[in-house]
Amino acid sequence: MTAAIVVRGLVKTFGRTRALDGLDLVVEAGEVHGFLGPNGAGKTTTIRVLLGLLRADAGDVVLLGGNPWKDAVELHRRLAYVPGDVSLWPKISGGEVIDVFGRLRGDLDSRRRDQLLERFELDPTKKARTYSKGNRQKVGLVAALASNAELLILDEPTSGLDPLMESVFQDCISEVKAQGRTVLLSSHILAEVEALCDRVSIIRAGRTQQSGTLSELRHLSRTSIIAETRRPAETLANLPGIHGLEIDGTHVRFGVDNDDLDGAMRRLSELGLRSLISHPPTLEQLFLRQYRDGSTEDQAPVDRDREART
Amino acid sequence: MTRTKDGLTGTATVTGFIVRRDRVRIVVWVAAIAVLVALLAASVKGLFPTQADLDQAAAATNGNAAVIAFNGPAQGLDSVGGEVAFQAGAMGLVVVALMSVMMIGSLTRGEEEAGRLEMLRSLPVGSHAPTAAASLTVATMNVAVGVLVTLALLGQHLPLAGSVTFGVSFTLTGLVFAGVALVAAQVTENTRVVYGIAGAVLGASFALRAVGDIGDGMLSWFSPIGWAQKARPFAGERWWPFLPMLAAIACLVAATGALAARRDIGGGLVQPRPGRRSASRGLGHPFGLALRLQRGSLIGWSTGLFLTGVAFGSIANSVDDFVRDNKALADVLAPAGGGSLTDSYLATSFGILALIGTGFAVQSTLRLRAEEMSLHAEPLLATPLARWRWAMSHLTVAFGGSVIVLFSGGLAVAVGYGFGGGDLTVLPELLGAAVVYSPAMWLLVGLTVALVGLAPRGAVATWAVLAVCLIIGLLGKALDLPAWLMTISPFQNVPQLPAADLSVLPLVALTGIAAALTWAGLSGLRRRDIG
C-alpha cells in the first residue's frame, strides 16, 4: 500500500502565531483516515496546505505523489474537497453550484449527481441564499461525492446535517471506501469516526499527538475498574499505572493503564475478589484525554481520572 | 404595556457597537461630502469673480433646460451663494441620499443577510433596537453633514440664512432617503435589491424634479430633492417646504415599524423565485461564472453611465451660450490643443464619465479579494483551476467591462447630443472619444490587481487613488493645481478627444503600465497564501 498523503514536520506560521508546529500525518491509499483534534488545533490549516492554498513554511508535504503547492492544478483533478462551512454565492442555485464544481473538475457525472440529490433530499432549484447550514453542506457533499476523485478531503463535512443525513453520508463514504478510494475526514462526530475510520490522527496545538487504529489508541488508554474485595485494597496504591484510587471499606474504584492491567488484576485476586466491573475506555474518554492533556504521560493523575469515572 | 419600550432595549449599546465597527466609513462619508461642498464653493468663487460674471452665467442658465435639468431651478443665480447652491445642490443632495441608502442598507438588511443580526437578537436586545440603532447612527451622520456643510459655506463668507437652509436641506434629504432604504430593507431579503429599490426612488426623484424644474415646477413638488430645492437657499429662503420632508420621514419610519412587525427575521415580504436545476453551459467555465457573478453590477454601471451621458450630451449644444464670455469657465474647459468650446465640453464630459465608470473597474477587480475573503474562492481553487486563470476570469470582466461601460457612456452622450439638435454623424467620433479612456481605466484595474496580489489587506486603497483622480479631474483646474500634480492622474494623460488630436503614445504607455501592474499582481497572487 502506498501513501496518499505524507506530511513530515509541517510548520506554518501566521505572523507570531505558530498554527502548525512540526505536524506529521500519513494517510495510506484506500483508507478512511480520521483527522481529529480540538478547535484551533490546526486541522483546517493543514487541509489548506494540502490543497495548495497555503504555502508551508517548513516540512515535507507529499500529496498523491506530488507537491500540493507546485502541482496544485494537476493534483486537484484527482481530489474533491468539502469545507466545513460551505460558503455559496447567494444568487446561484444549489444545482448550478454542483455543476460548476463538477465541470471545473472535469468529471461531472450527472446521473450520479441526480442520485445523490435524491439520497440527500436536496432541492437543487433553491438559491443558495435560502439554504440552511445543513443544506449548504449537502451542496458541498453532493458536488464532491458526484466526482470520481481518488482522494476526498472532508473538513467537518457533516456539521449541521440531521441524523438521517448523517447516516446517508456514512453509507456514501463506505461506498467510496469499497471502491478503494482514499478519504481524509476531519470530524468531531465520534460515532462517525468510529463507524468509518480505519485509522485516526489526533493533533493538538499544531502537532500530532497520536496516530493509529482505534484499537491501538484504546490500548494506550486505561480501563476503569469497580471492585469489591474481602480485604481493603490499600496495597493497590503501590502498583504502577493506577490512577484515581478511591477506597471505601472493601469497595474500590480506580483507573488502570492497559499495560498494567494484568498486575492490578493479580493484586485484586490476592485480596480476595468478590465482584468486578470493568469498563473499556469509551471513545469520548479517549479523545477527552487526548484533547485536554496533550500527552498520556506526566499528568496529575487526579485530573486525568475525573473523566475516566464519568 | 411597556412593549414599545422593551422593543428598544439595548439600542444605546448596539449604536455604540455600530460606531465602533464602522467609524472609518462614517467619518469618510461625512467628511467627503463636506469637503466636496467646500471645494465646490471655493471653485465657484474662483470661476465667477465679478458680479458681471455672475449675471452673465445667470442669463445663460435661465433659459437653458438641460443645465436646469441637471442642477435644479435657476434661482438666486446673481449671487455667489445662489450659484453655489445651483452647482452643488442637486449633485450634493444625490450624494447625501446615496450615503444614507448605503449605510442603512448595510447596517440593517446587510447585517441580517449575513446572519449577524440573529446573534444580536438572541441577546436581551429589543426587536426594534438594531433598526433604531442603525437609524440613529445614520441620522447623526446626516445632521453632521448638515452642520459641516453650513460651516463650510459660512467659511466662504456666504450669508447665514442661506447657509443654514442649504445645510438643513442636506440633512433632511438624507433622512428621507434613509427612510426609503429602511422600508426597502423590510420588503426584500437581499441587500443589493434594497440598494436597487432606494436607488430607483432616488433616480425617479431626480427625474421628477428635472422635468418639473424645466416646466412650471409642479412635478418638483413630488420629489424630495425638489422639496429641498424649493426651500430656496440664497434665493429668498423659506422654511415650510421642509414640512413635507419631515412628514415623509415620519411616514417612512412608521411604515418601517409596521412592515417589520409583519415579517420574520431573515425573510422579506416578497418571496424569492426558485433558480435553475442545473447550470447552463457557460457557467462551467471560470469566465462564465465570473460574468454571471458580475453581470448585475456591469448592467447597473452601464445604465448609470448611460443616463449620466445622456444628461451631459443634451447640454452640449448650449455650452457656447453658457460659457462664451466667462474666461474662468472657458479656461477650465479649454483643452491643450484648442478647438471649439463644444468639443472641449464634450472632452471634459468623457473625462468625467470615465472617472465615474472607473468605479466599476475598481469594484470589479476587488471582487477577487471579496471572493477570497468570503471563502467562495477556496473550493474553486481546490478544483483543477489555476490561480491565475481564476483571477483572469474576473479580470476579463474588469478589462472588458471597462470598455463596455465607456462605450455605453459614449453612446449616451451622442444620443443626448442628437436629441439636443446636434449632428449625429459624429457618433463614431464621440464613441472613440469615450473608449479612448480604456487604458486609463485599465491602469487602475492593474493597480488594484497589484495590490490584491502583493498587499491584499491594503487593496481597498485603490478607492482612495480613484478619489484623488476624481478631485484632480473635476476640480483640478478650478483649484489651480500645478501641472505635475495633475499628470499623476492617468486620466489627465489621455488625449482629450474630440477637442485634441489622437496621440497613440500615451495610450500605449498607459496600457503597458496596466499590463505590468497586472502581471506583478498575478505573480504575487501565485506566491501568496489564499484566505
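Start in chain B of this predicted model: select helix H15 (residues 341–373) and helix H17 (residues 387–419) of chain B, whose axes come within 9 Å and cross at roughly 155 degrees. Angles over 145 degrees count as roughly antiparallel, so H15(B) is roughly antiparallel to H17(B). Look at the handedness while you're there: H15(B) passes H17(B) in a right-handed crossing.

Now show side chains at the contact. On the H15(B) side, pick Leu346(B), Ser349(B), Phe350(B), Leu353(B), Ala354(B), Gly357(B), Phe360(B), Ala361(B), Ser364(B), Thr365(B), Arg367(B) and Leu368(B). Facing them from H17(B), add Ala391(B), His394(B), Leu395(B), Val397(B), Ala398(B), Gly401(B), Ser402(B), Val405(B), Leu406(B), Gly409(B), Gly410(B) and Val413(B). Colour this H15(B)–H17(B) contact by class and you'll get 14 nonpolar, 9 polar and 1 charged residues.

Next, zoom out to the whole of chain B. Colour residues 8–268 as domain 1 and 279–531 as domain 2. Drop a pseudoatom at the C-alpha centre of each of these chain B domains, and the two will sit 27 Å apart.

Hop over to chain A and do the same. Here the domain assignment gives domain 1 as 3–213 and domain 2 as 221–309. The C-alpha centres of these two chain A domains are separated by 38 Å. How many residues does each domain of chain A bring to the contact? Domain 1 of chain A puts in 8 residues, and domain 2 of chain A puts in 6.

To find the domain 1 side of that contact, select helix H7 (190–196), strand E8 (199–204) and strand E9 (207–213) of chain A, the elements that give two or more residues to it. By class, the side of domain 1 of chain A that touches domain 2 of chain A has 4 nonpolar, 2 polar and 2 charged residues.

Last stop: bring both chains into view. Between them, 28 residues of chain A are in contact with 26 residues of chain B. On the chain A side, select helix H2 (72–76) and helix H3 (94–105), each supplying at least two residues. Which element gives the largest share of the side of chain A that touches chain B? That's H3(A), with 8 residues. Finish by colouring the side of chain A that touches chain B by class: its residues divide into 12 nonpolar, 7 polar and 9 charged.

Notes:
Residues numbered from 1 in each chain as written. Chains lettered and ligands numbered in written order. Predicted model: local features only at pLDDT ≥ 70, side-chain atom pairs only at ≥ 80, totals over all residues. Axes fitted to C-alpha atoms, helices over the stretch in contact; angles between N-to-C directions. Helix = DSSP H or I, 4+ residues; strand = E, 2+ residues; numbered from the N terminus. Parallel < 35°, antiparallel > 145°, perpendicular 65-115°, else oblique. Left-handed = near helix turned anticlockwise from the far one by under 90°. Contact = placed C-beta atoms within 7 Å. Nonpolar A, V, L, I, M, F, W, Y, C, P; charged D, E, K, R; others polar. Domains from an automatic or database assignment.
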